[in-house]
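The following exercises ask the reader to work through one protein model step by step. Please attempt each task before reading its solution.

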Amino acid sequence: MQPSTSSSATDDNIAARIASSRQEAEKLKEKIKQKKEALADTTLPQQAQSLDALPKLTLKVRRTLKGHLAKIYAMSWANDQRHLVSASQDGKLLVWDAYTTNKIFSIPLRSSWVMTCAYSPTGRLVASGGLDNVCSIYRLNVSASTQSTSAQGTSSSSSGPGRSAGYQYIVNAAPGSGQSDITKPTRELVAHAGYISSCKFLSDSQILTSSGDTTCILWDIDANVKLKEFIDHTGDVMSLSVSPNPSIFVSGACDATAKIWDIRSGKCVQSFSGHESDVNAVQFFPNGNAIGTGSDDASCRLYDLRADRELNMYASEQIFCGITSVAFSISGRLLFGGYDDFHCHVWDTLKGNHVGALRAHENRVSCLGVSSDGVALCTGSWDSLLKVWS
């Protein structure tokens, strides 16, 4: 049966209106771009010309953490600047004392295909996620007194002058002592339809996750429920970073964009483009006014939230490989990038210069992080080692 002429005309009319709206949107985008260009009276490298060049990098490997038996995919520092958690495809989540290099906990994972891990702000919880599409939360047994020197069976170490003793953990909890069984997750957060690429705690009761299903989710850990879903990306979301203002976070995705989200409204409030390939890593600048990104296009970039534009690009003709992870020094002057060429390259964020490369790994640098006091950088690699630099 032939469709009626009137319905065919209606379809044509709708298609014409959509095409017209698209053209109008493109014109408006171009106008916005021109307005932005008119306001861009200078560039960050030009403004930074009068600054002294940075001295030669003196970072050295101070600790090597050996224990994983396969590729390390993720690491996260604890807020006590002493402990860290790492996730490897040997199917283990390891909690380390970075001063002594001791392993405090070894947590077996239900799925060895892990991609991310995180430490909660109080040091009581760690989380992991990966190709099983589940974010698993594990409760660590924390001693009642974190200040006193440890009793038998509690993780601690001679802290030395000026060193924090850090969190005190009960390692060998006796059965019936009321302590958690760390080998079993206390919560399993299930809602994503794709792999979990990144997770970040907001508090001990809330966590953000990003996924290959193109969404991010905010969870209530205690109630084991999804609070909000953040939908705007058109490709797998690869990375998350929470702002110093905890109502804001950034996500980076395979649609080559980084997006700023307001947790209160659940909406995307800014979108940054410019990368020519997947954005694998995002990190907030220490003051929360800018973000750093790392991409498969072999560049890192700095975007400013207030100027709503790219401020700087960090790339070299000698570096062709992608970036897996990024982190800022505590002042924000240095940008560290984990690269597929086995090195951690370091950039001057203001001048845009390459200021050095940290060479100690024998395979891809898959993750890195700066401790909250800015004293140490930890790099994790597919060579199954973590290295602490200072």
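Two residues are in contact when heavy atoms of theirs lie within 4.5 Å. The model examined here is a predicted one.

**Exercise 1. The surroundings of a tryptophan**

Task: State where Trp347 is found, decide whether Trp347 is buried or exposed, and list the residues that Trp347 touches.

Solution.
Step 1. Trp347 belongs to strand β26.
Step 2. A residue counts as buried when its relative accessible area is under 20%. The value for Trp347 is 1%, so Trp347 is buried.
Step 3. Residues up to four places away in sequence are not counted in the list of contacts. Trp347 then touches Tyr314, Ala315, Ser316, Ile319, Arg333, Leu334, Leu335, Tyr339, Gly352, Asn353, His354 and Val355.
Step 4. A distance can be added to this picture: the C-alpha atoms of Trp347 and Gly294 are separated by 12 Å, and the two residues are 53 residues apart along the chain.

**Exercise 2. The protein as a whole**

Task: Describe the secondary structure, the dimensions and the surface of the protein.

Solution.
Step 1. The protein contains two helices and 30 strands.
Step 2. For 390 residues the globule rule gives 21 Å, and the radius of gyration of the protein is 23 Å, which is close to that figure; the protein is therefore as compact as a globular protein of that length.
Step 3. Taken along the principal axes, the box filled by the C-alpha atoms is roughly 85 × 65 × 35 Å.
Step 4. Of the 390 residues, 48% are buried.
Step 5. Among contacts with a separation of 6 or more, 49% are between residues 24 or more positions apart.
Step 6. The accessible surface is about 18,500 Å², and carbon and sulfur atoms account for 49% of this surface.

**Exercise 3. Charges and salt bridges**

Task: Give the number of charged side chains of each sign, then examine the salt bridges formed by Glu26, Arg306 and Arg364.

Solution.
Step 1. There are 37 positive and 37 negative side chains, and the centres of the two sets lie 5 Å apart.
Step 2. A salt bridge requires a side-chain nitrogen of Lys or Arg within 4 Å of a carboxyl oxygen of Asp or Glu. By this rule there are 12 salt bridges.
Step 3. Glu26 and Lys29 form one of them, with 3.7 Å between the closest N and O atoms. Both residues lie in helix α1 (residues 5-39), and because they are three residues apart there, about one helical turn separates them. Glu26 is partly exposed at 48% relative accessible area, while Lys29 is exposed at 53%.
Step 4. Arg306 pairs with Asp304, and the closest N and O atoms are 3.5 Å apart. In this pair Arg306 is exposed, at 62%, whereas Asp304 is buried, at 8%.
Step 5. The side chains of Arg364 and Asp340 meet in a salt bridge with an N to O distance of 2.9 Å. Arg364 lies in the loop between β27 (354-359) and β28 (365-370), and Asp340 in the loop between β25 (334-339) and β26 (343-348), so the pair ties together parts that are 24 residues apart in sequence. Arg364 is partly exposed at 27% relative accessibility, and Asp340 is also partly exposed, at 23%.
Step 6. In addition, Asp297, Arg301 and Glu310 are joined into one network by salt bridges that share partners.

**Exercise 4. Positive phi angles**

Task: Locate Thr101 and Ser384, and state the phi angle and the exposure of each residue.

Solution.
Step 1. Most residues other than glycine have a negative phi.
Step 2. Thr101 is not a glycine, yet its phi is positive, at about 70°. Thr101 is placed in the loop between β4 (92-97) and β5 (103-108). With 28% relative accessibility, Thr101 counts as partly exposed.
Step 3. Ser384, a residue other than glycine, has a positive phi near 75°. Ser384 is placed in the loop between β29 (377-381) and β30 (385-389). With 15% relative accessibility, Ser384 counts as buried.

**Exercise 5. A serine in a loop**

Task: Where does Ser143 lie, and is Ser143 buried or exposed?

Solution.
Step 1. Ser143 lies in the loop between β8 (134-139) and β9 (154-155).
Step 2. Its relative accessible area is 16%, so Ser143 is buried.
Step 3. From C-alpha to C-alpha, Ser143 and Thr349 are 41 Å apart in space, and they are 206 residues apart in sequence.

Definitions and conventions
Residues are numbered from 1 along each chain as its sequence is written. This is a predicted model: local features need pLDDT of at least 70, side-chain atom pairs count only at pLDDT 80 or more; totals for chains, interfaces and linings use all residues. Side-chain values use heavy atoms; hydrogens and water are left out. Helices (H or I, at least four residues) and strands (E, at least two) are DSSP runs, numbered from the N terminus. Buried means under 20% relative accessible area, exposed over 50%, partly exposed in between (1.4 Å probe, protein chains only). The radius of gyration is taken over C-alpha atoms; the globule rule is 2.2 Å times the number of residues to the power 0.38. Accessible areas come from the Shrake-Rupley method with a 1.4 Å probe; for residues, only the protein chains shown count as cover. Lys and Arg count as positive and Asp and Glu as negative; His and the chain ends are not counted. The place of a charge is taken as NZ of Lys, CZ of Arg, CG of Asp or CD of Glu.
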